[in-house]
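Ready for a few exercises on reading a protein model? Try each task yourself first, then walk through the solution.

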Amino acid sequence: MARIAAQFDVPDVEAPANPLDASNPEMHLGDPVEPFSARDIRIVALIVATLSAVPYAYRLWRGLSPGPIDLMLLPLGAIAAFAVYRFANLATGAFWIIRRRDIRVERLSGDGKPRADHIEGHDVKTITVERRGRSEDEHCIVVIRLRSGQRFRSPRIGSRNEARAVAAEIVRRLGIGAESNRI
């Protein structure tokens with residue numbers, strides 16, 4: 001992009017930073033996490049609760065007695081609305097900062113508070129590449145399993161080859177031995 005701008009005599013154009021470039025001191029995977037607004041969470045929880053009550057209300061409005069499915073949807077809707085209200089921020093994903101000798105994984109807890117985990121090379125049991133989706137090269141991820149049994153899944157990376165390249169760079173930066181590398 002900077003090369004094209006220079007051809008058109010556009011001044012002061014910086015080359016875009018590639019977060020996956022191995023020459024960067026930090027590689028970034030995913031987007032920085034931010035909690036959903038409390039207002040948006042309440043609106044979605046209200047919509048979920050309302051949708052579960054619609055069949056029950058419709059049967060009452062038509063003068064029919066509610067069936068067992070209608071009666072089951074009411075508590076299930078309340079449970080689903082509570083789950084949305086309590087755990088919506090868990091759906092924001094994770095932001096990985098890969099540095100030399102460690103990885104910082106930033107996530108949100110259920111109540112929207114940020115939390116960070118650190119992964120060091122000596123803690124890693126295995127690193128693998130898994131795919132998410134149906135096709136062979138559709139949204140692959142890097143999975144890091146720690147010796148403690150904890151597992152970290154990266155944000156979606158892209159094709160299998162891209163995910164393998166990122167995993168190889170993680171192995172190089174963490175200084176992991178060949179026995180842990182299952183790429």
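Helices here are DSSP runs of H or I with at least four residues, numbered from the N terminus. Keep in mind that you're working with a predicted model.

**Exercise 1. Find Ser52 and work out whether it is buried or exposed.**

Step 1: Locate the residue. Ser52 sits in helix H2.

Step 2: Check its accessibility. Buried means under 20% relative accessible area. Ser52 has 9%, so it counts as buried.

Step 3: See what its side chain does. It reaches the backbone oxygen of Ala49, at 2.8 Å.

Step 4: Look for partners further along the chain. Leaving out residues up to four places away in sequence, Ser52 touches Leu73, Leu74 and Gly77.

**Exercise 2. Work out how helices H2 and H3 are oriented to each other.**

Step 1: Get the geometry. H2 covers residues 38-61 and H3 covers residues 68-87; their axes come within 8 Å and cross at roughly 180°.

Step 2: Apply the cut-off. Angles over 145 degrees count as roughly antiparallel. H2 and H3 are therefore roughly antiparallel.

Step 3: List who meets whom. On the H2 side you'll find residues including Ile41, Val44, Ala45, Val48 and Ser52, and on the H3 side residues including Leu73, Leu74, Gly77 and Ala81.

Step 4: Sort the contact by class. It has 15 nonpolar, two polar and three charged residues.

Step 5: Recall a bit of helix geometry. An α-helix has 3.6 residues a turn, so residues three or four places apart point the same way.

**Exercise 3. Check whether the length of helix H4 agrees or disagrees with what you'd expect.**

Step 1: Count residues. H4 runs over residues 160-174, which makes 15.

Step 2: Work out the expected span. You multiply 1.5 Å by one less than the number of residues, so H4 should span 21 Å.

Step 3: Compare. The end C-alpha atoms of H4 are 21 Å apart, which agrees.

Step 4: Look at what follows. After H4 comes Gly175, with a positive phi near 70°.

**Exercise 4. Describe the surroundings of Glu120, starting with the strand that holds it.**

Step 1: Place it. Glu120 belongs to strand S4, residues 114-120.

Step 2: Judge its exposure. Its relative accessible area is 36%, so Glu120 is partly exposed.

Step 3: Find its contacts. Neighbours within four places in sequence aside, Glu120 is in contact with Arg101 and Asp102. The C-alpha atoms of Glu120 and Ile103 are separated by 6.6 Å, though these residues are 17 apart along the chain.

Step 4: Check the side chain. A polar contact of 2.8 Å links it to the side chain of His122.

Conventions:
Residues are numbered from 1 along each chain as its sequence is written. This is a predicted model: local features need pLDDT of at least 70, side-chain atom pairs count only at pLDDT 80 or more; totals for chains, interfaces and linings use all residues. Side-chain values use heavy atoms; hydrogens and water are left out. Helices (H or I, at least four residues) and strands (E, at least two) are DSSP runs, numbered from the N terminus. Buried means under 20% relative accessible area, exposed over 50%, partly exposed in between (1.4 Å probe, protein chains only). Contact means heavy atoms within 4.5 Å. A polar contact is a pair of N or O atoms within 3.5 Å; within protein, one must be able to donate a hydrogen and the other to accept it, and residues adjacent in sequence count only if both atoms are side-chain atoms. Axes are lines fitted to C-alpha atoms, for helices over the stretch in contact, and angles run from 0 to 180 degrees between N-to-C directions. Angles under 35 degrees count as roughly parallel, over 145 as roughly antiparallel, 65 to 115 as roughly perpendicular and the rest as oblique. Ala, Val, Leu, Ile, Met, Phe, Trp, Tyr, Cys and Pro count as nonpolar, Asp, Glu, Lys and Arg as charged, and the others, Gly among them, as polar.
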